[in-house]
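Please open the model in your viewer and keep the selection panel at hand. The stops below are meant to be taken in order, with a pause at each one to look around.

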Amino acid sequence: MSSEAVTDAASDGASDPASDPAWETVIGLEVHCELATQTKLFCGCPNAFGDEPNTNVCPVCLGLPGSLPVINAQAVELAMRIGTALHCEIRPSSFARKNYFYPDQAKDYQISQYDEPINANGSLALPDGTVIGVTRAHMEEDTGKLTHVGASGRINSAHHALVDYNRSGVPLVEIVSEPDIRSAAQARAYASELRGILVATGASDGRMEEGSMRIDANVSVRPAGAVEFGTRCEIKNLNSLRSLGRAIDYEVARQIALIDAGEVVRQETRHWDEAAGRTESMRSKEEANDYRYFPEPDLVPLVPDAAWQERVRAAMGPMPADRRALLVDLLGGTASEAEGDQIRAVVDLGLDALVLAAVTAGAPAARALARASNEVAAEGEAGLALPAESFSALLALEASGALSATQSKAVLHELAERGGGDPAALAKEMGFEALAADSLVAVVAEVIAAHPDEWKRYVEGDDKVSGVFVNAVMTATNRQANGKDVVAELRRLRG
Amino acid sequence: MSSAREVAAAVRSKERSARQVTEEALAAVAARDGELHAFLEVLGDEALAEADAVDAAIARGEDPGPLAGVPVALKDNLCTRGIPTTCASKILEGWRPPYDATVVELLRAAGAIALGKTNMDEFAMGSSTENSAFGPTRNPHCIERVPGGSSGGSAAAVAAGFVPLGLGSDTGGSIRQPAALCGVVGMKPTYGRVSRYGLVAFASSLDQIGPFAGNVEDAALLFDVLARHDPCDTTSLRIEAPPTIDALRGGVEGVRVGVCPDLVEGCAPDVAARVYEAAEALRAAGAHVEEIRVPEFAYGLSAYYLIAPAEASSNLARYDGVRYGLRVDADDAAAMNTATRTAGFGAEVKRRIMLGTYALSAGYYDAYYAQAQRVRTMVVQAFERAYASVDVLLGATAPTTAFALGDKVDDPMAMYMNDVCTIPSNLAGHPALSVPFGTGADGLPIGVQVLAPALEEALLFRVAAAVEAAAPEAAVLLRTGAST
């Protein structure tokens with residue numbers, strides 16, 4: 001997981017260029033999630049990203065004549081976890097064949113669930129409480145990967161293409177939302193929340209940049225208040241939350257401009273060009289494939305019994321919404337807007353266990369949250385690996401006044417670099433030993449003596465000048481003094 | 001050649017060596033297969049090496065299994081590791097699978113020797129083996145006649161006495177019809193009894209691998225080796241198959257046999273006469289024989305010719321020139337696909353791909369494919385009704401004896417009618433078997449078909465053994481005559 005969840009939370013409030021009160025945007029998202037299984041959906045080949053091309057292949061995922069698919073129970077279990085987390089009905093299901101010719105498709109058909117998906121009729125609540133319907137979350141297999149080889153690397157100028165079947169047969173769950181989403185920001189919030197859920201269920205690593213999570217957006221516009229939907233376009237190639245938001249904004253503006261100009265929106269599939277910042281027509285409805293779906297005769301129906309469903313449910317940890325609620329509870333039941341952002345970031349990054357451990361060990365919840373969402377998050381992978389006991393001990397040192405906030409942050413960085421350790425020992429090693437109270441008194445006295453004019457102004461009530469003394473004390477003590485203690489001593493001397 | 005049981009017994013007792021048996025089989029093939037063309041590929045060195053391994057195992061005191069040293073002919077739609085597997089199609093010419101079909105592994109584990117890959121109608125589509133891209137097979141009883149199909153090569157190889165056993169696949173009658181036309185036993189097991197892993201698919205919901213043999217006992221022996229659950233095929237049954245060979249001589253006393261006019265009436269008079277004679281023979285052996293009508297069988301053919309092509313249109317999509325087999329280059333991938341498939345598939349395969357594609361197309365699915373599935377359900381229910389009052393059904397296997405080469409190649413409907421009696425068992429997934437029973441007016445073999453409910457292979461073989469025991473001497477002479 002990248003730090004995108006954090007930046008996304010920060011940019012959610014950006015203005016929507018296509019917002020026009022006369023028009024309503026209607027969006028439905030189709031999210032393809034690669035399941036984090038050990039092996040592929042229908043064979044025993046490793047499900048791994050980034051290996052040498054065509055090394056994780058066998059007769060089944062190469063579609064060799066005579067080979068037959070066998071369903072992977074772990075994939076079914078992960079699909080059921082996703083359905084459970086999205087409040088879906090888990091149903092007796094079956095597979096179908098989606099027939100179309102393409103070189104990345106080993107059998108020239110894709111095995112997918114069609115009219116009997118394993119999960120249906122669910123919902124996803126956004127952090128702001130908006131509920132988006134989930135039509136279905138069904139299982140299917142991924143295709144191989146084509147690389148066009150030619151002068152410019154673009155499809156049209158390619159001389160030939162290379163096919164890597166390592167991805168062929170990797171298990172996917174496609175999560176289809178209802179057309180309940182009303183803005184680009186909401187689409188991003190949905191995708192972000194869904195990613196959190198997919199990671200929390202253990203179904204996926206949520207890495208959009210590696211293609212673990214891929215999004216298609218169905219976008220239409222209609223006059224505000226209209227009941228009928230407008231004609232939709234499906235946008236493909238959305239590789240990040242940022243692309244998703246930009247593409248929707250572009251597409252909404254495009255469709256409104258078309259209608260305003262008296263033209264019609266054609267139902268079609270459009271490709272998002274990230275560099276150019278626009279969508280381009282790929283194929284119209286008339287050019288669309290007739291997939292000739294029919295029941296997959298090589299697989300028996302998939303009917304998870306109640307006991308299996310219950311085992312799956314029981315094995316699931318809390319979802320992001322539950323985890324956010326728990327952090328709000330820790331804060332005493334309410335969270336400021338800033339704290340809300342921190343909570344979202346902490347849960348998105350999976351740092352909430354760290355916060356919980358620190359608070360349980362006695363740290364103040366607000367400080368634990370702030371340190372986790374800022375300093376720990378900034379450490380990236382090293383932050384995620386930070387041992388809870390190191391983090392808890394550090395916050396305890398900070399709370400006791402033994403370390404200043406500045407020192408604490410420096411120690412935290414060092415802890416992350418070293419993968420943990422005893423923060424007290426580390427602070428000592430870094431020269432951050434807390435000053436004894438009597439030596440602080442002496443240093444403050446020296447500093448006052450060295451700054452008679454400032455002291456006079458301070459005594460007369462100019463509090464702003466205290467910064468001069470604090471900085472001077474810090475310099476004199478090699479930053480071992482606590483700023484709060486210095487101010488307290490100044491106040492005591494002022495009387 | 002002796003029966004499979006006799007060969008295995010002789011090899012196990014060191015009376016004969018597997019090498020000796022294999023050399024004799026290879027010599028028989030060399031002597032006559034130039035004329036018959038039952039084999040597309042004869043495995044000389046490979047077969048002898050397998051035979052030596054069997055002999056070595058015996059010398060070590062091990063038991064190589066119930067088919068020790070028995071040469072077997074494999075239909076060329078069964079994957080054999082490193083050995084060309086073509087489905088008699090140009091599109092797969094030269095393709096060598098990197099793996100063995102499960103049945104091939106089971107045969108080897110039972111001590112059998114794979115003698116070669118046999119000719120067939122391209123992708124198992126046909127009833128005469130004339131649709132092979134590599135030339136037709138001829139009927140060993142009369143070389144101007146077809147051996148039936150699509151497993152014509154395996155049927156002819158057994159009928160000619162090249163091998164005691166063969167494997168075929170039966171999607172709409174492709175084992176039973178050539179067995180009838182060649183005067184051998186051919187059996188289609190219950191759907192799911194035998195693993196399809198490594199069988200190049202024609203119509204997945206109908207395909208089933210089964211045995212050819214010179215007699216019922218050998219067919220049962222081979223079936224018992226093949227009937228195993230296979231985790232590589234999810235449609236493979238988990239139910240244990242009881243050995244059928246033990247019950248073979250149990251007789252038919254008290255067995256209720258339903259002679260089904262719906263499986264006789266469209267047939268030639270000599271064929272029909274043999275079915276009723278077989279019924280009388282069973283009655284004489286103690287069975288309760290009655291007539292039972294199943295008019296729904298008449299709709300089976302139409303349903304089959306929608307379902308099988310529909311599945312085939314999808315199963316055969318993978319022959320696109322990208323990964324293996326034939327590739328005809330063109331300007332882009334789509335044009336290469338088209339050029340490859342145009343050059344690689346024969347006329348009958350193209351006809352069925354088009355039929356199936358049409359049947360599954362948007363707007364036609366309900367009228368054709370979905371309707372055909374409803375008819376399939378109706379046929380299943382009709383069987384259930386029939387089996388409420390009888391234990392097995394009896395009918396013809398094929399409407400006529402072997403017809404002349406070229407007779408029906410230009411008339412697909414006439415060719416399709418060959419399957420009319422065999423298709424119902426495929427639609428229902430039930431076991432059925434063709435056993436030789438005398439000859440027709442032309443002196444050529446006639447097969448009688450026994451049909452049984454799902455999983456009742458033991459009963460099926462038992463009834464078939466009773467039919468065989470009562471078969472007119474002429475047919476027996478013909479079969480053994482073919483091996484001289």
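The tour begins with chain A, passes through the contact between the chains, and then goes into chain B.

**Stop 1: the domains of chain A.** What you are looking at is a predicted model, and this should be kept in mind at every stop. Colour chain A by its domain assignment, which gives domain 1 as residues 4-314, domain 2 as 318-429 and domain 3 as 437-494. If you then mark the centres of domain 1 and domain 3 of chain A, taken over C-alpha atoms, you will find them separated by 61 Å.

**Stop 2: a residue in a helix of chain A.** Select A:Ala370, which sits in helix H9 (residues 365-378) of chain A. Is A:Ala370 buried or exposed? It falls in between, as partly exposed, because 18 other C-beta atoms lie within 10 Å, whereas a buried residue needs 20 or more. Now add A:Gln342 to the selection: it is 28 residues away from A:Ala370 in sequence, yet the two C-alpha atoms are 6.8 Å apart in space.

**Stop 3: where the chains meet.** Show both chains and select the residues in contact between them, which are 25 residues of chain A and 33 residues of chain B. On the side of chain A that touches chain B, 16 of the residues are nonpolar, three are polar and six are charged.

**Stop 4: chain B as a whole.** Hide chain A and display chain B as a cartoon, in which 16 helices and 11 strands can be traced. Turned along its principal axes, the C-alpha trace of chain B spans about 65 × 55 × 45 Å. Its radius of gyration is 21 Å, which agrees with the value near 23 Å for a compact globule of 484 residues. Of these 484 residues, 63% are buried, and among the contacts in chain B with a separation of 6 or more, 76% are between residues 24 or more positions apart.

**Stop 5: two packed helices.** Still in chain B, select helix H9 (residues 300-315) and helix H11 (residues 347-360), whose axes lie 7 Å apart and make an angle of about 95°. H9(B) is therefore roughly perpendicular to H11(B). With side chains shown, the H9(B) side of the contact includes B:Leu306 and B:Pro309, while the H11(B) side includes B:Ile353, B:Leu355 and B:Leu360. Taken by class, this contact of H9(B) with H11(B) has eight nonpolar, three polar and two charged residues.

**Stop 6: unusual backbone geometry in chain B.** Before the next selections, it helps to recall that most residues other than glycine have a negative phi, and most peptide bonds are trans. Begin with B:Cys87, in the loop between strand S2 (71-75) and helix H4 (102-109) of chain B, where phi is positive at about 55° although the residue is not a glycine. B:Cys87 counts as buried because it has 32 C-beta neighbours inside 10 Å.

Next select B:Phe123, in the loop between S3 and H5 of chain B, which has a positive phi near 55° and is likewise a residue other than glycine. B:Phe123 is buried, with 32 other C-beta atoms within 10 Å.

Finally, centre the view on B:Ser150, in the loop between strand S3 (113-118) and helix H5 (152-159) of chain B. What kind of peptide bond joins B:Gly149 and B:Ser150? The bond is cis, with an omega of about 10°.

Technical notes:
Residues are numbered from 1 along each chain as its sequence is written. Chains are lettered from A and ligands numbered from 1 in the order in which they are written. This is a predicted model: local features need pLDDT of at least 70, side-chain atom pairs count only at pLDDT 80 or more; totals for chains, interfaces and linings use all residues. Domain bounds come from an automatic or database domain assignment. Axes are lines fitted to C-alpha atoms, for helices over the stretch in contact, and angles run from 0 to 180 degrees between N-to-C directions. Helices (H or I, at least four residues) and strands (E, at least two) are DSSP runs, numbered from the N terminus. Angles under 35 degrees count as roughly parallel, over 145 as roughly antiparallel, 65 to 115 as roughly perpendicular and the rest as oblique. Two residues are in contact if their C-beta atoms, placed from the backbone, lie within 7 Å. Ala, Val, Leu, Ile, Met, Phe, Trp, Tyr, Cys and Pro count as nonpolar, Asp, Glu, Lys and Arg as charged, and the others, Gly among them, as polar. The radius of gyration is taken over C-alpha atoms; the globule rule is 2.2 Å times the number of residues to the power 0.38. A residue is buried if 20 or more other C-beta atoms lie within 10 Å of its own, exposed if 12 or fewer, and partly exposed in between; C-beta atoms are placed from the backbone.
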